[in-house]
Amino acid sequence: MTQRTAPLPAAVDHLVIGAGFAGLGAAIKLAEAGEDDFLVIEKDGGIGGTWRANTYPGAACDVPSQLYSYSFAPNPDWSMSFSPQPEIEAYLRDVAEKSGTLDRFSFDTELTDARWDESDQRWHVTTSRGEVVAKALISGSGGLSVPKMPEIDGIETFQGEVFHSARWDHDVDLAGKRVAIIGTGASSIQIVPAIQPDVAQLDVYQRTAPYVLPRNDRRYTRLERLLFKHVPVVQKAYRTGIYWARELYVPGFVWNPALATPAKKLALANLAKGIQDPELRAKVTPTYQVGCKRILISNTYYPALAADNVDLVTDPIAKVTGNAIVTADGVERPIDVLIVATGFQTTEQPIAELIHGRDGASLSDVWAEHGMASYKGTATRGFPNLFQVVGANTGLGHTSMVFMIESQLAYIVDALTTMRQRGVAAVEPQQAVQDEWNDDIQRRMKRTVWSTGGCSSWYLDAHGKNTTLWPRATFTFRKLMSRFDAESYDLAPAKATSQHATTQTEGASA
Ligand code: N01
């Protein structure tokens with residue numbers, strides 16, 4: 001469903017990019033803080049971000065919704081402990097409608113270029129629907145929004161249907177077809193059991209076996225839902241309990257991987273329960289430390305792999321032909337449909353190529369040599385008044401990203417209010433402060449399971465550097481983001497030549 005779209009104004013105070021959890025949360029928090037002059041642009045036709053884009057069969061969140069939702073918008077109506085994608089998308093639409101901010105969303109509006117102009121201290125943004133000038137740019141474009149297609153010889157010559165898991169083609173009927181799926185990550189392990197009963201044959205191409213824990217999913221009882229609705233403290237207690245249970249993973253990830261041994265045992269027991277065939281068991285047994293790659297959860301993945309119409313293929317793919325996949329051992333497996341579940345561009349965000357700072361260089365240019373690096377994963381030297389939500393080293397492998405998003409939003413809104421109160425036109429982190437922040441992160445990263453666990457993952461960039469994950473407890477991040485630390489920034493007063501800025505400062509001192 002395409003939603004009504006706000007017209008594009010010539011200028012706004014704050015321009016928000018993206019209408020997922022981050023962008024919608026930004027809109028709500030800006031409105032609450034009285035920062036009313038803002039616009040959200042979204043390339044897609046509605047609210048939801050990744051929860052609108054990923055509609056593949058079986059899509060559901062692997063963090064319980066009591067936690068994977070805004071703290072300020074609890075939903076007593078979740079049907080299951082792990083909500084399916086349509087419920088999460090509907091939740092976000094509902095929150096947007098109730099927030100009263102929807103008239104500030106411009107859908108089908110894609111950012112194509114953004115440049116900081118020092119002379120007027122403004123971002124000059126070009127979109128697919130025109131141009132906007134903004135005092136601050138808040139990017140909520142998402143860390144997992146651009147699909148990564150594999151570079152496989154001949155894939156473009158395939159004559160059947162081919163699509164990425166995040167761009168599911170619902171016009172393709174899989175019933176009775178020979179289907180191949182490449183990848184065994186979080187998306188694939190949900191798709192495989194969902195489509196296995198319908199297809200004639202399913203070939204699952206695994207490069208690295210994941211750890212898969214049991215999924216303690218269940219439907220909420222009527223009583224629980226009544227309590228959530230009428231005794232909100234009960235729902236709050238669920239949320240708090242889930243938060244702390246999830247946080248228990250952190251020591252095993254960041255201090256001592258041996259502490260994650262119980263999770264490993266649980267995953268291997270799940271494997272043994274789901275698969276009886278010793279040969280298949282051996283193929284799906286991971287050979288690296290648990291937690292090094294994202295830990296997955298499913299009760300149905302292993303039984304689906306063990307089904308008669310499924311083959312797990314571990315020989316590397318050599319090429320794709322017009323109607324088949326050929327592996328390195330020379331075996332050719334004919335197929336009708338090819339599903340590519342190979343993940344997203346995480347460490348080289350395409351939006352980074354579009355955002356140009358004070359010197360004209362893009363974020364991509366600045367990060368080319370040493371990888372993504374910002375201050376608090378939010379602000380970047382050379383890019384005044386740019387605030388990224390889910391920026392460098394703010395990702396998680398164990399709990400709700402919404403928690404991190406809310407931490408960042410509180411910080412960003414505090415920054416904007418501080419600027420208004422002090423009549424500051426531009427802020428950017430001091431280089432030394434930013435460097436110290438990133439040096440500390442990379443120092444901590446050395447002992448984490450993501451560095452020592454013996455795997456490669458989407459957490460690491462081309463140099464093997466982890467620029468995606470937060471290597472500490474999430475409550476520490478929350479604390480560090482609890483106030484805008486203006487002393488870590490260079491603050492620029494409005495320039496006399498800047499018409500917008502002058503108006504702004506006058507407004508602030510009035
Ligand atoms: O992607 P992935 P995803 N040839 O990158 C394989 C979130 N998410 O879409 O492990 C052959 O995890 C690759 O193999 P390897 C969540 O944060 C959440 O599944 O690199 N194979 C891997 O098996 C998640 O982590 C939810 O050796 C190739 C797979 O493709 C993130 O999104 C649901 C290949 C990619 O796995 C991404 O998950 C879904 C190639 N050339 C996603 N290239 C929930 O909350 C890659 N692979 C439930």
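Two strands pair if DSSP finds at least two bridges between them. Helices (H or I, at least four residues) and strands (E, at least two) are DSSP runs, numbered from the N terminus. The model is predicted: local features need pLDDT of at least 70, side-chain atom pairs count only at pLDDT 80 or more, and totals for chains, interfaces and linings use all residues. Residues are numbered from 1 along each chain as its sequence is written, and side-chain values use heavy atoms, with hydrogens and water left out.

**Exercise 1. Trace the five-stranded open sheet, then look at strands 8 and 9.**

Step 1. Write down the strand order, which is 7-16-8-9-12, with parallel pairing.

Step 2. Find the edges: strand 7 (161–164) and strand 12 (310–313) each pair on one side only.

Step 3. Add the twist. Neighbouring strands here are turned by 15 degrees against each other on average, direction ignored; axes are lines fitted to C-alpha atoms, for helices over the stretch in contact, and angles run from 0 to 180 degrees between N-to-C directions.

Step 4. Zoom in on one pair. Five bridges join strand 8 (residues 178–182) to strand 9 (residues 201–205) in the parallel sense, and Ile-181 has Val-204 of strand 9 as its bridge partner.

Step 5. Place the helix. Helix 4 (residues 188–195) lies across strand 8, strand 9 and strand 16 (337–340), at about 165 degrees to strand 8.

**Exercise 2. Do the same for the open sheet of three strands.**

Step 1. The order is 13-14-15, and the pairing is antiparallel.

Step 2. Strand 13 (317–320) and strand 15 (332–334) each have a single partner strand, so one side of each is left without a neighbour in the sheet.

Step 3. On average, neighbouring strands of this sheet are turned by 25 degrees against each other, direction ignored.

Step 4. Strand 13 pairs with strand 14 (residues 324–327) over three bridges in the antiparallel sense, and Lys-319 stands opposite Val-326 of strand 14.

**Exercise 3. Describe the interface of domain 1 and domain 2.**

Step 1. Set the bounds, which come from an automatic or database domain assignment: domain 1 is 11–146 + 345–493 and domain 2 is 155–210 + 248–340.

Step 2. Their C-alpha centres lie 30 Å apart. The contact (heavy atoms within 4.5 Å) takes 28 residues from domain 1 and 26 residues from domain 2.

Step 3. The two domains bury about 2300 Å² between them, 56% of it on carbon and sulfur atoms. Buried area is the accessible area (1.4 Å probe) that two parts lose on being put together, summed over both.

Step 4. Check the charges. The rule finds one salt bridge across this interface, where a salt bridge is a side-chain nitrogen of Lys or Arg within 4 Å of a carboxyl oxygen of Asp or Glu.

**Exercise 4. Which salt bridge does Arg-420 form, and which parts of the chain does the pair link?**

Step 1. The side chain of Arg-420 meets that of Asp-13 at 2.9 Å, N to O.

Step 2. Arg-420 is in helix 12 (residues 401–422) and Asp-13 in strand 1 (residues 11–17), so to speak distant parts of the chain, 407 residues apart.

Step 3. For context, a search of the whole structure finds 22 salt bridges.
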